[in-house]
Amino acid sequence: MDNIGQKVLEVNNLTVTINGNTLLEHIFLEIYEGETLMLFGENGSGKTSLLMTIMGLGPYKIETGSIFFKGKEVTHLPPSERAKMGIGIMFQRPPTIRGLKVREILELIGHNSTDPEELAESLNFGSFLDRDLNLGFSGGEIKRAELLQLLAQKPDLALLDEPESGVDLVSISLVGEAIRKLLEKDVHHRRRKKAGLIISHSGHILDYVEADRGCVLVNKTIWCMGNPHEIIQGIRKQGYKGCLTCQK
Ligand SMILES: Nc1ncnc2c1ncn2[C@@H]1O[C@H](COP(=O)(O)OP(=O)(O)O)[C@@H](O)[C@H]1O
Ligand SMILES: [Mg+2]
């Protein structure tokens with residue numbers, strides 16, 4: 001796609017450690033307005049750590065590098081500030097919060113300007129509004145609850161951590177629909193403003209949400225930047241090890 005919009009996210013030479021072990025090294029990433037970038041990588045490669053670092057969460061230590069959001073440096077800002085500026089995250093494994101109803105968190109996030117009933121309807125989730133957040137939820141229900149919160153927040157950059165993992169076939173089309181809506185996929189791409197960074201291990205989400213570019217996290221850094229369908233086809237044939245010898 002033509003990069004006509006402003007740069008939403010810029011990650012510059014980011015190196016991240018935990019307890020002295022390097023998790024991510026020399027990471028460079030750019031995402032523009034209206035663009036969706038897929039991040040592939042095998043389990044344990046550091047995908048979640050990268051997303052959490054962009055959101056400012058977790059015990060990670062930034063050794064070098066910087067993160068810019070809509071032209072402003074956010075490298076050391078608290079996650080609440082980043083959320084207010086327009087970054088949202090869908091967790092791979094969100095916590096269970098006893099005593100907090102789904103309805104209440106949607107009202108808090110949406111500042112009472114969104115109607116939880118209407119929102120939940122779109123994800124066939126109305127009957128969960130008065131349940132404690134994530135308590136006893138199935139894999140697919142957790143993902144739908146996460147997406148509802150993002151739909152209430154309406155972030156300019158949505159960070160989605162493995163939205164399809166652990167989701168049954170019925171829920172995956174609902175999850176896919178919600179992501180399409182979140183990332184304004186049904187708006188003409190020239191007028192699309194929302195940006196997304198989607199982590200995927202399997203690439204199945206590409207059947208529901210088209211992405212503009214893809215990249216792979218291998219050996220702690222970004223190895224490839226290109227067509228997401230070609231990248232996942234290569235990974236399905238050669239495995240992630242193939243990325244190390246790939247000449248592209
Ligand atoms: N809080 C933590 N403490 C210690 N090690 C961690 C922590 N979080 C992640 N790691 C380690 O960092 C590596 C990358 O993990 P992660 O970012 O979750 O990978 P992915 O999401 O690609 O599966 C793993 O080896 C994991 O065990
Ligand atoms: Mg992960």
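In the predicted model, ligand 1 is surrounded by I18, L23, G41, N43, G44, S45, G46, K47, T48, S49 and P59. By class, this shell comprises three nonpolar, seven polar and one charged residues. Its largest share, three residues, is contributed by helix α1, which spans residues 47-55. Helix α1 itself lies across the strands β1 (7-18), β2 and β4, and runs at about 65° to β2.

The strands β1, β2 and β4 belong to an open sheet of four strands, ordered β2-β1-β4-β5, in which the pairing is antiparallel. Its edges are formed by β2 (21-32) and β5 (72-73), each of which pairs on one side only. Between β4 (residues 61-69) and β5, the antiparallel pairing extends over two bridges, and F69 is positioned opposite K72 of β5. The loop between β4 and β5 contains K70. The phi angle of K70 is near 50°, a positive value in a residue other than glycine. In general, most residues other than glycine have a negative phi. K70 counts as partly exposed because 17 C-beta neighbours lie inside 10 Å.

On the other side of β5 in sequence, T75 is located in the loop between β5 and α2 (79-85). T75 has 16 C-beta neighbours inside 10 Å and therefore counts as partly exposed. When neighbours within four places in sequence are left aside, the contacts of T75 are with I62, S66 and I67. The C-alpha atom of T75 is separated by 31 Å from that of K241, a residue 166 places away along the chain.

A second open sheet consists of six strands in the order β6-β9-β10-β3-β11-β12, with mixed pairing. The edge positions are occupied by β6 and β12 (221-226), each pairing on one side only. Neighbouring strands of this sheet are turned against each other by 20° on average, with direction ignored. In general, the strands of a sheet pair through backbone hydrogen bonds, in either a parallel or an antiparallel arrangement.

Within the six-strand sheet, β3 (residues 36-40) is placed between β10 and β11 in the strand order. Five bridges join β3 to β10 (residues 195-200), and the two strands run parallel. The pairing of β3 with β11 (residues 213-218) is likewise in the parallel sense, and involves four bridges. M38 has a bridge partner in each of these strands: I198 in β10 and G214 in β11. F40 of β3 stands opposite V216 in β11. Five of the five residues of β3 are buried, so the strand is largely enclosed by the rest of the structure. Both of its faces are covered, with T36, M38 and F40 buried on one side and L37 and L39 buried on the other.

Helix α5 (residues 139-153) contains 15 residues and reaches 22 Å from its first C-alpha to its last, close to the 21 Å expected at 1.5 Å a residue. Of its 15 residues, 12 are buried, and the helix is therefore largely enclosed by the rest of the structure. The buried residues are I142, K143, R144, A145, E146, L147, L148, Q149, L150, L151, A152 and Q153. Elements covering these buried positions include the strands β6 (87-90), β8 (132-133) and β9 (157-161), together with the helices α3 (102-109), α4 (116-122) and α6 (169-182). Both β6 and β9 are also members of the six-strand sheet. Just after α5, K154 adopts a positive phi of about 50°.

A further positive phi occurs at E162, where the angle is near 45° in a residue other than glycine. E162 is found in the loop between β9 and α6, two elements that are among those covering the buried residues of α5. E162 counts as buried because 22 other C-beta atoms lie within 10 Å, whereas K70, with 17 such neighbours inside 10 Å, counts as partly exposed.

Methods. Residues are numbered from 1 along each chain as its sequence is written. Chains are lettered from A and ligands numbered from 1 in the order in which they are written. This is a predicted model: local features need pLDDT of at least 70, side-chain atom pairs count only at pLDDT 80 or more; totals for chains, interfaces and linings use all residues. A residue is near a molecule or strand if its C-beta atom, placed from the backbone, lies within 6 Å of it. Ala, Val, Leu, Ile, Met, Phe, Trp, Tyr, Cys and Pro count as nonpolar, Asp, Glu, Lys and Arg as charged, and the others, Gly among them, as polar. The expected span of a helix is 1.5 Å times one less than its number of residues. A residue is buried if 20 or more other C-beta atoms lie within 10 Å of its own, exposed if 12 or fewer, and partly exposed in between; C-beta atoms are placed from the backbone. Two residues are in contact if their C-beta atoms, placed from the backbone, lie within 7 Å. Two strands pair if DSSP finds at least two bridges between them. Axes are lines fitted to C-alpha atoms, for helices over the stretch in contact, and angles run from 0 to 180 degrees between N-to-C directions.
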